[in-house]
Amino acid sequence: MLEWSTDEDGAEVLKSNGTPLARLDCRARRWFFTPVGSGAEAIRSGSRDEARLLAVFYARRSAQA
């Protein structure tokens with residue numbers, strides 16, 4: 001089950017069964033999506049909604065792998 005929460009820094013975190021999968025940050029009015037624990041660079045998104053869609057897509061792909 002996927003659920004959103006907010007961490008102590010104010011970033012949104014997508015979790016699956018309590019495990020963080022992706023983090024959304026807003027810096028200088030720009031949204032960024034980062035897979036948690038992957039060491040990947042943040043991916044810039046055009047909006048909060050787009051960043052959330054990318055995070056859910058990533059989470060579903062990761063579950064299939």
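Me: How do you know that the span of helix α1, residues 48–64, agrees with its 17 residues?

Reply: In this predicted model, the end C-alpha atoms of α1 are 25 Å apart. At 1.5 Å a residue, the 17 residues should span 24 Å, so the two values agree.

Me: What makes the buried residues of α1 line one face of the helix?

Reply: The buried residues are Ala51, Ala55, Val56 and Ala59. Viewed down the axis of α1, they fall within an arc of 135°, and therefore they line one face. An α-helix has 3.6 residues a turn, so residues three or four places apart point the same way. On the other side of α1, Asp49, Leu53, Phe57, Arg60, Arg61 and Gln64 are exposed.

Me: What covers the buried residues of α1?

Reply: The cover includes the strands β1 (2–6), β2 (12–16), β3 (19–27), β4 (30–35) and β5 (43–45).

Me: Which residues make up the largest nonpolar core?

Reply: The core has 10 residues: Leu14, Leu21, Ala22, Leu24, Trp31, Phe33, Ala51, Ala55, Val56 and Ala59. At least two of its residues come from each of β3, β4 and α1, and α1 gives the most, with 4 residues. Among the contacts of alanine 22, leaving aside neighbours within four places in sequence, are Leu14, Phe33 and Ala55.

Me: Why is the pair of arginine 52 and glutamate 12 called a salt bridge?

Reply: The N to O distance between their side chains is 2.7 Å; the cut-off is 4 Å, so the pair qualifies. Arginine 52 lies in helix α1 and glutamate 12 in strand β2, so this salt bridge ties together parts that are 40 residues apart in sequence.

Me: Why is glutamate 12 called buried, and arginine 52 partly exposed?

Reply: Buried means under 20% relative accessible area. Glutamate 12 has 11% and therefore counts as buried. Arginine 52 has 22%, which lies between the 20% and 50% limits, so the residue is partly exposed.

Me: How do you know that arginine 23 and aspartate 7 meet in a salt bridge, and which parts of the chain does the pair link?

Reply: Their N to O distance is 2.3 Å, and the limit is 4 Å, so the pair counts. Arginine 23 is in strand β3 and aspartate 7 in the loop between β1 and β2, 16 residues apart. Arginine 23 is partly exposed because its relative accessibility is 22%, whereas aspartate 7 is buried because its value is 17%.

Me: Which residues are linked with arginine 23 in a network of salt bridges?

Reply: The network links Asp7, Asp9, Arg23 and Asp25. Within this network, aspartate 25 and arginine 23 meet at 3.2 Å, N to O. Aspartate 25 has a relative accessible area of 16%, so it is buried.

Notes: Residues numbered from 1 in each chain as written. Predicted model: local features only at pLDDT ≥ 70, side-chain atom pairs only at ≥ 80, totals over all residues. Heavy atoms only, no water. Expected span 1.5 Å × (residues − 1). Buried < 20%, exposed > 50% of the residue type's maximum accessible area, 1.4 Å probe, protein only. Arc of directions from axis to C-beta. Contact = heavy atoms within 4.5 Å. Core = buried A, V, L, I, M, F, W, Y, C linked by side-chain atoms within 4.5 Å.
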